[in-house]
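Good morning, everyone, and thank you for making time for this. Please have the sequence and the structure open while I talk, and follow along residue by residue.

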Amino acid sequence: MTFFQLALISAAALLGPLLALPRKWHLPVVLGQLLAGIVIGRTGLQAVDPGDPAFTLMADVGFALIMFVAGTHVPIRDKAIRAAVGGGATRAGAAALLAVVTGLGIAAVFGTGHAPVYIVLLASSSAALVLPIVDSLGLRGPKVLTMTAQVAIADIACIVALPLAVDPPNAGRAALGAAAVAVSALLLYVILRALERLGTRGRLHDVSEDRKFALELRIQLTLLFALAGLAVFGHVSVMLAGFSFGLVVAAVGEPRRLAHQLFAVSDGFLGPVFFVWLGASLNLNDLGSNPQMILLGLCLGAGTLLVHAAMRLFGQPLPLAVLSASQLGVPVAAVTIGAQSRLLQPGEGAAMLLGALITIAASAIAGRTAAAAQDAAANPSGTRPAPNSR
């Protein structure tokens with residue numbers, strides 16, 4: 001990767017804020033960034049190579065940071081989160097059961113023999129997509145909190161289950177890696193909580209603010225990257241490391257100054273790089289030579305939307321149910337593992353990504369609908385809401 005390519009990536013990522021700028025559209029920032037990646041990546045101009053090690057590393061760092069920030073936004077110290085986790089787990093479990101039936105049916109119709117993979121895809125949600133959408137649109141309330149818990153639970157469960165579905169011989173190693181990340185995160189919580197009670201963190205904060213050292217940011221990034229390194233070594237996604245550590249920091253208590261610093265690093269640079277990389281990684285041209293796989297992609301996308309929309313039966317508003325269906329990280333991981341193991345049929349990987357794009361488009365519309373409904377409820381007189389201070 002060159003500096004010119006990095007400038008192109010940064011400029012392309014501006015499409016996200018530009019599309020999200022008109023408030024009446026209620027479009028999430030991540031949508032424009034993904035579209036920008038598709039235009040300059042494998043599907044479009046091929047101006048950047050998503051397989052470039054430097055680009056991939058920056059994207060992984062961005063992914064870890066996005067999930068870390070998402071984890072810190074979970075109000076884990078709020079008593080209301082307990083009810084939200086229970087409701088979210090119930091809906092995630094119900095969606096998984098429906099995914100089993102739907103996935104078996106799709107695999108039988110197309111004869112691919114990959115029903116376990118389809119089940120994981122249908123049941124998955126992408127916290128890396130949903131949480132930024134929720135934040136950028138300013139969605140709030142108990143139902144949104146429950147949906148957030150559902151997405152986080154489904155995402156983590158599917159990331160852990162994916163190696164078992166795609167590459168069973170290495171599933172044991174991935175399970176051990178996930179357990180190592182979870183235990184390490186718990187250990188970090190115990191240590192950081194003890195330092196908080198001893199006042200060590202407060203003294204460090206005062207010195208850092210007085211001397212402009214940014215010590216808290218440096219330490220948090222060091223711990224995050226160490227946990228991400230453990231995840232990579234254990235053959236699990238850095239998503240698990242980032243989100244787990246974010247929950248740890250949220251449980252201990254995140255200083256406001258650190259939150260602003262992390263926002264600048266994540267949302268200002270590395271987060272957009274990740275979403276552009278994801279878009280650039282998609283090669284939708286493969287579908288042209290395998291028309292049957294286009295139908296498979298449509299079925300996977302529609303099946304995912306139906307599985308999650310069915311949560312309306314559990315009292316979830318339909319826009320939030322559709323929003324929870326948004327996915328990309330799990331399909332990308334499935335395609336990557338499948339390609340490396342040569343387990344997928346020609347065009348099958350592109351079909352999975354097409355299904356993911358369908359859920360992204362639907363979730364963008366659903367998020368806009370939910371935001372419009374929230375604005376209408378908060379402003380029955382039709383006055384314009386105040387801009388998001390964040």
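Which residues have the most contacts inside the largest nonpolar core? Before I answer, please keep in mind that what we are looking at is a predicted model. The residues with the most contacts inside that core, which has 115 residues, are Tyr-118, Phe-245, Phe-274 and Leu-323. The largest share of this core comes from helix H17, residues 348–378, which supplies 13 residues.

Let me stay with Tyr-118 for a moment. If we leave aside its neighbours within four places in sequence, Tyr-118 is in contact with Gly-103, Ile-106, Ala-107, Thr-112, Leu-296, Leu-300, Glu-348 and Met-352. Two of the names in that list, Leu-296 and Leu-300, come back in the contact between helix H6 and helix H14, so let us turn to that pair of helices.

Helix H6, residues 115–123, packs against helix H14, residues 291–309, at an angle of about 50°, and their axes are 8 Å apart. Because of that angle, H6 counts as oblique to H14, and the crossing of the two is right-handed. On the H6 side the contact is made by Tyr-118, Leu-121, Leu-122 and Ala-123, while H14 brings Leu-296, Leu-300, Gly-303, Thr-304, Val-307 and His-308. When we sort the residues of this contact by character, we find seven nonpolar, three polar and no charged.

Leu-296 also leads us to Val-109, which has its place in helix H5, residues 80–110. Val-109 and Leu-296 are 187 residues apart in sequence, and yet in space they are 9.3 Å apart, C-alpha to C-alpha. Is Val-109 buried or exposed? Its relative accessibility is 65%, and therefore Val-109 counts as exposed.

The second pair of helices I would like you to find is H9, residues 171–198, and H11, residues 215–233, whose axes come within 9 Å and cross at roughly 160°. That angle is why H9 is described as roughly antiparallel to H11, and this crossing, too, is right-handed. Here Ala-180, Val-181, Ser-184, Ala-185 and Leu-188 of H9 meet Leu-223, Leu-227, Leu-230 and Ala-231 of H11, and the residues of the contact divide into eight nonpolar, one polar and no charged.

Now please move to helix H13, residues 256–281, where Ser-266 is found. Ser-266 has a relative accessible area of 1%, so it is buried. Apart from its neighbours within four places in sequence, Ser-266 is in contact with Leu-65, Ile-66, Val-69, Gly-271 and Pro-272. Gln-261 is found in helix H13 as well, and at 17% relative accessibility Gln-261 counts as buried, because the cut-off for that word is under 20%. Outside its neighbours within four places in sequence, Gln-261 is in contact with Ala-214 and Leu-217.

My last stop is Val-322, which sits in helix H15, residues 318–323. At 17% relative accessibility, Val-322 counts as buried. What does Val-322 contact, once its neighbours within four places in sequence are left aside? The residues are Leu-305, Ala-362, Ser-363 and Ala-366. Val-322 and Ala-366 are 44 residues apart along the chain, while their C-alpha atoms are separated by 6.1 Å.

Notes. Residues are numbered from 1 along each chain as its sequence is written. This is a predicted model: local features need pLDDT of at least 70, side-chain atom pairs count only at pLDDT 80 or more; totals for chains, interfaces and linings use all residues. Side-chain values use heavy atoms; hydrogens and water are left out. Axes are lines fitted to C-alpha atoms, for helices over the stretch in contact, and angles run from 0 to 180 degrees between N-to-C directions. Helices (H or I, at least four residues) and strands (E, at least two) are DSSP runs, numbered from the N terminus. Angles under 35 degrees count as roughly parallel, over 145 as roughly antiparallel, 65 to 115 as roughly perpendicular and the rest as oblique. A crossing is left-handed if the near helix is turned anticlockwise from the far one by less than a right angle, and right-handed if clockwise. Contact means heavy atoms within 4.5 Å. Ala, Val, Leu, Ile, Met, Phe, Trp, Tyr, Cys and Pro count as nonpolar, Asp, Glu, Lys and Arg as charged, and the others, Gly among them, as polar. A nonpolar core is a set of buried Ala, Val, Leu, Ile, Met, Phe, Trp, Tyr and Cys residues joined through side-chain atoms within 4.5 Å. Buried means under 20% relative accessible area, exposed over 50%, partly exposed in between (1.4 Å probe, protein chains only).
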